[in-house]
Amino acid sequence: MVRPTPSESTDLVRRAHEALNSGDMDALIALCDSGFRLDMSDRVFNPAVYKGHEGIRRFHSEVRDVWESYVWEPEELIDVGSDVVALLRSSGRGRGSGVEVQRETAMVWSAREGRAIAMRFFRNRDDALKNRPQGEPRS
């Protein structure tokens, strides 16, 4: 069976998640445009929108302040033109409390000219799929 070649955008999102989950913010920033917009306004706690490379660093710092570990593991990447819907298994362990959480979430990434320009987080996968950019999905 021949597997489809991942698009440039899908590969970019996969590499962005690897960098994010490993805590390598320099690698993540290298994939993102200087005007990158990180929209975490759908979070229950501390909803916010972060801008630029400093925003990425601030977001990561805030996550590490609360969580001993936290990952957003892609289970499926749905390619829609130059945008990608990432269906995720999010899991973490609270710093201090040790409380463990696991849930299904999603992120919609937008890319242009080989660089990520925006990402929007969704607590509910269905909301991400309803709000994804319009276009023909590619495998």
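In the predicted model, Asn21 counts as buried, because its relative accessibility of 17% falls under the 20% cut-off applied to relative accessible area. The residue has its place in helix H1, and, when residues up to four places away in sequence are not counted, Asn21 touches Arg64, Tyr70, Val71, Trp72 and Glu73.

Asn21 is one of several buried positions in H1, where Ser9, Thr10, Leu12, Val13, Ala16, His17, Ala19 and Leu20 are likewise buried. An α-helix has 3.6 residues a turn, so residues three or four places apart point the same way. The cover over the buried residues of H1 is drawn from several parts of the chain, including the helices H2 (25-31) and H3 (52-66) together with the strands S3 (67-80), S4 (83-94), S5 (100-112) and S6 (115-122). The length of H1 can be checked against its residue count: the helix comprises 15 residues (residues 8-22), for which a rise of 1.5 Å a residue leads to an expected span of 21 Å, and the end C-alpha atoms are 21 Å apart, in agreement with that expectation. Just after H1, Gly23 adopts a positive phi of about 80°.

At the level of the whole protein, the secondary structure amounts to four helices and seven strands, and the order of the elements from the N terminus on is α-α-β-β-α-β-β-β-β-α-β. Of the 139 residues in the protein, 40% are buried. Among the contacts between residues at least 6 apart in sequence, 50% join residues that are at least 24 apart.

Strand S5 contains both Ser110 and Gln102, for which the accessibility was computed individually. Ser110 has a relative accessible area of 16% and is therefore buried, the limit for that class being under 20%. The side chain of Ser110 makes a polar contact with the side chain of Asp83, at 2.8 Å. With neighbours within four places in sequence left aside, Ser110 is in contact with Ser82 and Asp83, and also with Arg115, Ala116, Ile117 and Ala118. Gln102, by contrast, is exposed, with a relative accessible area of 57%, a value in the class defined as over 50%. Under the same exclusion of sequence neighbours, the contacts of Gln102 are with Arg89, Ser90 and Ser91. Gln102 and Tyr70, which are 32 residues apart in sequence, have their C-alpha atoms 9.6 Å apart in space.

The loop between S5 and S6 holds Glu113, a residue that takes a positive phi of about 50° although it is not a glycine. Glu113 counts as exposed, because its relative accessibility is 82% and the class begins over 50%.

Empty space in the model was examined next. Rolling a probe the size of a water molecule over the atoms shows where such space is left. The largest pocket holds about 480 Å³ of space. Its lining is made up of 17 residues, of which Arg43, Val44, Phe45, Trp67 and Tyr70 are the closest to the centre of the pocket. H3, S3 and S5 each supply at least two residues of this lining, and the largest share, four residues, comes from H3. Sorted by class, the lining of the largest pocket has eleven nonpolar, two polar and four charged residues. Tyr70, named here among the residues closest to the pocket centre, is also one of the residues touched by Asn21 of H1.

Besides the pocket, one cavity of 30 Å³ or more was counted, and about 60 Å³ of space lies in the largest cavity. The residues lining the largest cavity are Leu20, Leu28, Cys32, Phe36, Leu38, Ile56, Phe59, Met107, Trp109 and Met119. Strand S1 (32-39), H3 and S5 each contribute at least two of these residues, with the largest share, three residues, coming from S1. The lining of the largest cavity divides into ten nonpolar residues, no polar and no charged. Leu20, which belongs to this lining, is also among the buried residues of H1.

Conventions
Residues are numbered from 1 along each chain as its sequence is written. This is a predicted model: local features need pLDDT of at least 70, side-chain atom pairs count only at pLDDT 80 or more; totals for chains, interfaces and linings use all residues. Side-chain values use heavy atoms; hydrogens and water are left out. The expected span of a helix is 1.5 Å times one less than its number of residues. Buried means under 20% relative accessible area, exposed over 50%, partly exposed in between (1.4 Å probe, protein chains only). Contact means heavy atoms within 4.5 Å. A polar contact is a pair of N or O atoms within 3.5 Å; within protein, one must be able to donate a hydrogen and the other to accept it, and residues adjacent in sequence count only if both atoms are side-chain atoms. On a 1 Å grid over the protein atoms alone, a cavity is a set of points where a 1.4 Å probe fits but cannot get out, and a pocket is an open set with protein on both sides within 12 Å along at least five of seven lines; lining residues have an atom within 4 Å of a point. Grid points are joined across faces, edges and corners, and a volume is the space filled by probe spheres set on the points. Ala, Val, Leu, Ile, Met, Phe, Trp, Tyr, Cys and Pro count as nonpolar, Asp, Glu, Lys and Arg as charged, and the others, Gly among them, as polar.
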